[in-house]
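Thanks for coming. Please have the sequence and the structure open while I talk.

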Amino acid sequence: MERTFYSDTPRQVLDTLDTDPDQGLSQGEGARRLAGYGENKLEKAKPPGLFRQVLAQLRDPMILVLLAAAALSFFAGGGQDWLDTAIILLIVVFNTVISVSQEDNARKALEALEKLAAPRARVLREGVERRLESTHLVPGDILLLEAGDYVPADGRILWAAGLQTDESAMTGESLPVHKRAGDGLPPDTPLAERKNMVIGGTVVTGGRAKVVVTATGMQTEMGKIAGLLLRQGQGETPLQRKMKEVSRVLSLVCVGVCAVMFGVGMLQHRDILDMFLTAVALAVAAIPEGLPAIVTIVLAVGVGRMARRNAIIKRLPAVETLGCASVICSDKTGTLTKNQMTVLEVWTPAPALRDRALTLGTLCGDAQEGPGGYIGDPTETAIAQAAAQAGLEKAALERDMPRRGEAPFDSVRKRMATCHALPNGEALVAVKGAPEAVLARCTHLLGAQGPRPLTDGDRRRIAQVGGDLAGQALRVLAVAQRLQPALPKSMAAEGLEAELTFVGLIGMMDPPRPEVRQAVDRCAGAGIRPVMITGDHKDTAVAIAKQLNIYRPGDKAIDGAGLDFLPQETLEEEIEAFSVYARVTPEHKMRIVQAWQRRGHVVAMTGDGVNDAPALKAADIGCAMGKTGTDVAKGAADMILTDDNFATVVAAVEQGRGIYANIRKAIHYLLSCNIGEILTIFLATLLPVSQAPLSPVQLLWLNLVTDSLPALALGMEPVEKTAMTQPPRGKEEPLFSRAFSRRLAWQGALVGGITLLAYGLGFHLTGTFAVANTMAFATLTFSQLFHAFDVRSETTPLFRLGVLSNKAMNKAFLAGAALQAAVLLAPPLQGAFSVVPLALEQWGMVLALALTPLVVCEAAKLLRPKGRKKSQAGAAQGARETVGTR
C-alpha cells in the first residue's frame, strides 16, 4: 500500500525515511539510495534502435525509387548486368550510414546541452548546504526551497516561512497555495488540499521552507501522471520545417525536369531503361534530402560553441532568432555590473546610530557566512560584511536576537520585515527596503535622544539625501525598526510593517563590469539597441547607464510611476526615446518588451528572478542568469548565461548571426551544385548526342562525395569578422532573397556549363564518348569541391579569410578528392564506374575547368559594384546612428 506521508507526523516521516532534519543524509548514503531508487527524472521514450533508424531511412520515397531502379536494372539485364545494381546498392548503404550517423550526432549534441541546462537543488548533506543536480535527489534528502525555485521532488514540509507555491499545473488552482508545516492530515485528503506537502514540478512563488523529500522520479505525483501518457516525439524546429519545405519544392521541380528529360529521351528513341535509371539517379542526386539533418547538426555545433562561451541554448530555434536581435533589455545588477556590492555610505540622523542601522540591515537579511565571506543576496551580504567590519558579526547578533518570524521581500511592497526576540522579553521588528517604500510606513524618526515624530521636513531631508546618494550611482536601502513589549501573534506584512521608526539609509555600489562598455559599443556597431531595465532608483540606474554608454545625450529615463501614467499606445510611440527604465514591476517589464516588439524589433531580455519570468517568456529571446537566476527564470528562458554577463549576450548574438550565415552557406553550396547537375543532364538530353554525359552510377557517387562533407564543413566556418558590422536582419526576411536566388542560378549555370564544355572538349579531341564522359565526371566532381571554398563567404575574398583557415573544409576537400581520384585512377574502380584513364593534357583541362567556378566567384566578390558596397555600408551606418547617437 502506498505510504501517505501527508497523514503522518513530521517525526514519523523522518523516522520512516531514516534521515536527520539538521544533518540530512551522508554522501555515501545518498549514493546508495540513488542506486536503489534511480535518478530523479521522468522516464523518456527511448531513441529508436539502429534497425528502426535504418528502416526509417529506407522508407524515404527517393530511396525506394532507387532500390526499384536497382532491381529493374538487374532483372532487365537477365541477371548478367549485376555491377550497376551492386554499385547502386552500395551507395544506398553509404547514404544510409551517413544519415544515421548524422542523426545520432545531432541527438548526442542535444542531450549534452540538456544536461548542461539541468536545474540544481539546495540540499543538506552531512550538515552542509550543497548544490546538487536535481536528478541526484533521493527520498530522505533535506531540501531547502525559496521563492523562484522549481520544486524538484515531492516532499513533506518540516519548516516554512510565508511559503506559497503555484500548483496550477497539477491541481488547476489558479492562485498561489499557502503551505505550512504541521501534523498529519486525514488519509483521504485530496492532492489540492495537502498543505503540508510540496509537489514536484510546481513553483515556489514566495517564502522559504525546509522539506524532506518523500518521492522522486516516476514515484512523484507528476511521475504517476507521466506514466499514463504516451510519449510524443520531439517536434521539428521552425527552421527544419522551412528546410523540408524547400526540399519538397525542389523535389517537385527536380521530378518535373526528370519527367521531361525521360519523355524527350523516349521521343529520341533512346534506351528506355537507361533513361529511367538516369532520371532516377538525377532525382536522387539533385534533391538535397540531407538538408534538414545538416541544418540540425550545424545548429547543434553552433550551440556547442555558445556553451563553451558561457551561453547555454535550451531551444534550437532560439539560435535563428538570436541573429535577428535588435534590442537587448538588460537587468543591471550582476549582468551589467559585477554583483559585488560594497557599502560606501551609511547615513543616519545622528552619527552614533551608524551601528544601529547596520545591525537592523544585517538582522533583516538572509546572508550566511561561507568559506570566503558571506553568501546570499549581494545587497544583504554587503551589509553583513560592513557590519562584521564594525564588530557586529551576524552569528552573534542572531544569537542574541533570534528571528521568530518574517514577511519576505516581494516586488510589490519593495520591503522585507523580520521579527526578533530580545533578551529582555521584548520584540524587535527590523525592516529594510526601497527608501520610499520604507518611509511610507514610518511615523517616527530615531535621533540621538531617541525616537520622535517624523515631520514633513524630515521626509524631505531624507528624500534629498537618498537622491544625492543615488546620484553617485549608489544603491540605497532604508532601514527602520519597531520595539514592542512582546512577539506579535501574526507575522503578516501589514502588521509587522506598521508604525515604524526610521533609522537610516545605507548606500552601496555594484561597479560596472569592465568588459560591458566594449560590448555596448559593439552593439552600436551592429545596429542593436541596449537598454537597462532595473528595480533600482532612477538616479542610480542612469548613473550606471552613463558609465556604460547605454544612456547618451538626448536619451530619457522613466520609472515605474511614470509608466503607470503612460498609456500603452503612447509608450509604443515613445519607446525608442527611453534607455533606462527604473523601479519597474513584472507588469512594467511585460509592457516594455511588448512595446519594443510592436515597433518591429526583435527583443532579447535578461533576468534572474521570479518576477522576470513573464517578460523572459514574452521576449523573442529570454536570457536567464545561470549563477543568480531562479529555476523559474531559467525555465522560462531560451538561453542561460552561466557567467551572468551582458557581454555574453552580445557574443551569443554574434554566434547566432554566424550560425545562420553558415546555414545559408550550406544551402547555397548544395543548391548551386544541384542546379549544375540538373542543367548538365537536362541540356545534354536536349542535344543531339547519343550518350549522356554522366551515367546513373556516376551521379549517385557524385551525390555521396560532394553533398555531405563539404556542406557540413561550411557549417563549421568561423564567424566572419563583419558579422557585427551589419544591421540585424528582419525576422521575417525570406531565406531566398532575390540576390541570393540570382547567385544560386548563375553559379549553378556556371557549374553545369563547364561540365558540358568538358564533355564537348573530350569528344572533340578524341572522338570517344568514354573520354568525354570521364572528363565531364571529373570536372563536375572537382568543380563542386573547389566551389565549396568560395561559398565560405558571400562578400569576403578567400585570400582575406585564409585559404586553409577552416580545418573541417580542408579535411572534407581532401577526403572527397581522394575518393574521386581513387575512382578515376584505380583500374578495378575504373571499370565499375565506366571511366577510362586520362592523358596529362586532359587532366590539365579538367583541373582548369574545375577551378573556373572558384576563380569566377572570387573575381565577382572583388569586382562587386562599389555603389552596392556603399549602399550597404550606408544602411549599416544608418542603423548604427539610429541606435548609437539616437
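I will go through two helices, then ring pairs, salt bridges and a few single residues.

First, the ground rules. This is a predicted model, in which local features need pLDDT of at least 70 and side-chain atom pairs count only at pLDDT 80 or more, while totals for chains, interfaces and linings use all residues. Residues are numbered from 1 along each chain as its sequence is written, and side-chain values use heavy atoms, with hydrogens and water left out.

Let me start with helix α33. Helices here are DSSP runs of H or I with at least four residues, strands are runs of E with at least two, and both are numbered from the N terminus. Helix α33 covers residues 840-862, which is 23 residues. The expected span of a helix is 1.5 Å times one less than its number of residues. For α33 that gives 33 Å, and the end C-alpha atoms are 32 Å apart, which agrees.

Where is the kink in α33? There is one of about 35° at Thr852, shortly before the proline Pro853. The bend at a residue is the angle between axes fitted to the seven residues ending there and the seven starting there.

Next, cover. Buried means under 20% relative accessible area, exposed means over 50%, and partly exposed is in between, with a 1.4 Å probe and protein chains only. The buried residues of α33 include Trp843, Leu849, Pro853 and Cys857.

After α33 comes a loop leading to α34 (866-884), and Leu863 sits in that loop. Leu863 has a relative accessible area of 69%, so it counts as exposed. Together with Phe799 and Leu862, Leu863 forms a nonpolar surface patch of about 370 Å² accessible area. Such patches take residues with over 30% relative accessible area and no salt bridge; nonpolar side chains (Val, Leu, Ile, Met, Phe, Trp, Tyr) are joined within 5 Å, and like charges within 9 Å. The areas come from the Shrake-Rupley method with a 1.4 Å probe, and for residues only the protein chains shown count as cover.

The second helix is α29. Its 22 residues should span 32 Å, and its end C-alpha atoms are 31 Å apart, which agrees. Of those 22 residues, 20 are buried, and α29 is mostly covered.

Now the rings. How many aromatic pairs does the structure hold? It holds six. Rings of Phe, Tyr and Trp (its six-membered ring) pair if their centres lie within 6.5 Å; planes under 30 degrees apart are stacked, over 60 edge-to-face, and the rest tilted. Phe578 and Tyr581 have ring centres 6.1 Å apart and planes at 55°, so this pair is tilted. Both Phe578 and Tyr581 are buried.

For Phe789 and Phe813, the centres are 5.5 Å apart and the planes are at 70°, so that pair is edge-to-face. Phe789 is in helix α29 (residues 769-790) and Phe813 in helix α31 (residues 807-825), so the pair ties together parts 24 residues apart in sequence. Ring pairs also bring in Phe786, making a cluster of Phe786, Phe789 and Phe813.

On to charges. Side chains of opposite charge can pair when their charged atoms come close. A salt bridge here is a side-chain nitrogen of Lys or Arg within 4 Å of a carboxyl oxygen of Asp or Glu. The whole structure has 32 salt bridges.

One of them joins Glu146 and Arg122, at 3.6 Å from N to O. Glu146 is in strand β3 (residues 142-146) and Arg122 in strand β1 (residues 120-125), so this bridge ties together parts 24 residues apart in sequence. Glu146 is partly exposed at 32%, whereas Arg122 is buried at 14%.

Another joins Glu436 and Arg583, at 2.7 Å from N to O. Here Glu436 in helix α15 (residues 435-439) and Arg583 in the loop between β22 (578-582) and α22 (586-598) are 147 residues apart.

A third example is Glu720 with Lys665, whose closest N and O atoms are 3.1 Å apart. Glu720 and Lys665 are both buried.

Last, the backbone. Most residues other than glycine have a negative phi, and most peptide bonds are trans. Glu126, in the loop between β1 and β2 (128-133), has a positive phi near 60°. Glu499 also has a positive phi, near 50°, and Glu499 is exposed at 58% relative accessible area.

That is the end of my part.
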